[in-house]
Amino acid sequence: MTIRPYQSSDYSGCIRAFEGNHPEFFADHEKAEFQDLLNGLSGSDNEDTPFYYVVEIERQIAACAGFYFPDNQPGTAGLVWGMVAREFHRKGIGKQLLIFRLNKIQELCPGASVILDTTQLSFPFFEKLGFRITQITRDFYAPGLDRYDMILIP
């Protein structure tokens, strides 16, 4: 297993990971948003571009996820678009990628709090690793897909 920065050649593997988790974990409209993020990563020198990584196992994209530092919240990082390809669920890959991102965040911004939004399906994963719920918005992403805002304070 290798965790490395996203490259434009990873695009189709990341889209496959998204599609394997849709519609259970992602709403229909989110695919275009995810594609926009990936397209924005390719060759971008913009400082606002998130740090984005993939997990590669035997030349296959097993997971992808990123983080960013919001300009309006110093000392805070946000997690974005984390997902594990369906065939790699429940193998510890998501946890390893999350810990990798948390370590990178602390390396770049020591003491940073970490925020994220997720669904009722995924929040227990983050809760087990120390995140706490700050707000719940029912049917935010789509009917039956609630938004859980969470924070991890080191």
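Is Arg4 buried or exposed? In this predicted model, Arg4 has a relative accessible area of 15% and is buried. That makes Arg4 a good starting point for a look at the salt bridges of the chain, of which eight are counted.

Arg4 pairs with Glu56 in one of these salt bridges, and the closest N and O atoms of the two side chains lie 3.1 Å apart. Distant parts of the chain are linked by this pair, since Arg4 belongs to strand β1 (residues 2-5) and Glu56 to strand β2 (residues 51-57), with their positions 52 residues apart. Glu56, for its part, is partly exposed, at a relative accessible area of 24%.

A second link between distant parts of the chain involves Asp117 and Arg147, whose side chains meet in a salt bridge with an N to O distance of 3.8 Å. Here Asp117 sits in strand β5 (residues 113-118) and Arg147 in strand β7 (residues 145-152), 30 residues apart. Asp117 is partly exposed, with 35% relative accessibility. Returning to the opening residue, Arg4 also takes part in a network: salt bridges with shared partners join Arg4, Asp10 and Glu56.

A helix provides another example. Lys104 and Glu107 form a salt bridge in which the closest N and O atoms are 4.0 Å apart. Both residues lie in helix α3 (residues 93-108), and their spacing of three residues is about one turn of the helix. Lys104 is partly exposed, at 23% relative accessibility, whereas Glu107 is exposed, at 57%.

Methods:
Residues numbered from 1 in each chain as written. Predicted model: local features only at pLDDT ≥ 70, side-chain atom pairs only at ≥ 80, totals over all residues. Heavy atoms only, no water. Helix = DSSP H or I, 4+ residues; strand = E, 2+ residues; numbered from the N terminus. Buried < 20%, exposed > 50% of the residue type's maximum accessible area, 1.4 Å probe, protein only.
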